[in-house]
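Reader: Hello! I'm in my first year and would love a close look at one part of this structure. Could you walk me through the sheet, and then the charged pairs around it?

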Amino acid sequence: MDSARRVLRVLLLFTGKSTELSVEEIARSVDISTPSAYRFLSLLREMDMVEESGRGGYVLSPRMLLLARSAEQTFPVSTLVRPLVERLSRSTGEAALVIRRVGDFATCAEMSQPEHTVRLSFEPGHIMSLHRGAGPKVLLAAQGEVWARRYFERLRPPPPDAERDSVLSELSGITAQGWSGSEGEVDEGVWAVAAPIVVAGQVLASVSVAGPQYRIDEERGRDILRQVVEGAAELSESLSTWRL
C-alpha cells in the first residue's frame, strides 16, 4: 500500500508548473531513493502514463489526456458553459469556443458553430499548441513569462525565434488588458478574440469567438470583443458560485 501511495505521489508531482521532472527531483520530492524513483517511473512508463522527454527528464504521456477528458465531466459544461457558447455563437454569428490547457497543449472543451461559418482546426477534443491563436495565448499568458519561456524550450520542433519572441512580447499585454486577439495564426484567414475564465484567481479556460477576417470589420470586431469579455466575466462569476 505504501508503494502504491508513493507511485501516485510521483504522478501528482506533474503539474502545470512542473511539466517535466528529473529522476533526482522526483526522488527528493517523494523522499525515496533514486533506484526507487527509477522503479516507480518504470511502472508508470509500462502503464503508458509517463514518457522520457528526450532531455533527461520525464513528462506525462498523451494517454493522460484521457484522464483529463474524464475530469472534464466535473466541469459543468451542460449547465453553465454550453449555454454561454451557444449564446455567443447566435449573437455574433460566428464560432464560439471554450478552450482549456492540458499540459503543454490547448484543447477545445466546448464549441458552437453556425453552419455558414468557416471550418476551424479547433474542434472538441482536438489538441493544439499554446502559442498560436487567441484562446491558447490567453492560457499561455496566465502561466507567466518564466513558464512560457520554458514551454518554448520544450517544444519539438521549436518555432522560429522571431515567432517565439513575438509571442513572449505579447503575454504581459494580454494579462493587463484581459483579452487576446489573433489573425490567421491557427487557420488562414480566420480572426479571433478570447478572454479568460477566472475562478479564485486562477485561469481555468478561455472563451473565444472566431470567424473569417473578410466579414469582421473594425466595428464588428469591437462588438464581438465586448461580448466575449462580458461572457467570460459572467461565466467566471457563475463558476465561482458553483464551486462554493
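**Charged pairs and the sheet**

Author: Happy to! Let's begin with one charged residue: Glu-52 is partly exposed, at 48% relative accessibility. Please keep in mind that this is a predicted model. The partner of Glu-52 is Arg-45, and the two form a salt bridge whose closest N and O atoms are 3.0 Å apart. Arg-45 is partly exposed as well, with a relative accessible area of 42%.

Now to the sheet you asked about. It is an open sheet of 6 strands, in the order β6-β5-β4-β9-β8-β7, and the pairing is antiparallel. What happens at the edges? There stand β6 (127-128) and β7 (180-183), and each has a single partner strand, so one side of each is left without a neighbour in the sheet.

Let's stay with β7 for a moment. Its partner β8 covers residues 190-199; the two run antiparallel and are joined by 4 bridges. You can find one bridge partnership by locating Glu-183, whose partner in β8 is Trp-191.

Next, follow the chain into the loop between β7 and β8, where you will find Glu-185. Which residue does Glu-185 pair with in a salt bridge? The answer is Lys-137, with the closest N and O atoms 3.0 Å apart. This pair links distant parts of the chain, since Lys-137 belongs to helix α6 (residues 134-142) and the two residues are 48 apart. Are the two partners buried or exposed? Glu-185 is partly exposed, with a relative accessible area of 28%. Lys-137, in contrast, has 0% relative accessibility; buried means under 20%, so Lys-137 counts as buried.

For another kind of pairing, look at helix α9 (residues 218-243), which holds both Arg-222 and Glu-218. Their side chains meet in a salt bridge, at 3.1 Å from N to O. Here the partners are 4 residues apart, about one turn of the helix. Glu-218 is exposed, with a relative accessible area of 62%.

Salt bridges can also join up beyond a single pair in this model: Arg-82, Glu-86 and Glu-110 are linked in a network of them. How many salt bridges does the structure hold? There are 17, and among them are the pairs we have just visited.

To retrace the route on your screen, start at the edge strand β7, step across to its partner β8, and then find the loop between them, where Glu-185 reaches Lys-137 in helix α6 through a salt bridge. Enjoy exploring!

Definitions and conventions. Residues numbered from 1 in each chain as written. Predicted model: local features only at pLDDT ≥ 70, side-chain atom pairs only at ≥ 80, totals over all residues. Heavy atoms only, no water. Pairing = 2+ DSSP bridges. Salt bridge = Lys/Arg side-chain N within 4 Å of Asp/Glu carboxyl O. Buried < 20%, exposed > 50% of the residue type's maximum accessible area, 1.4 Å probe, protein only.
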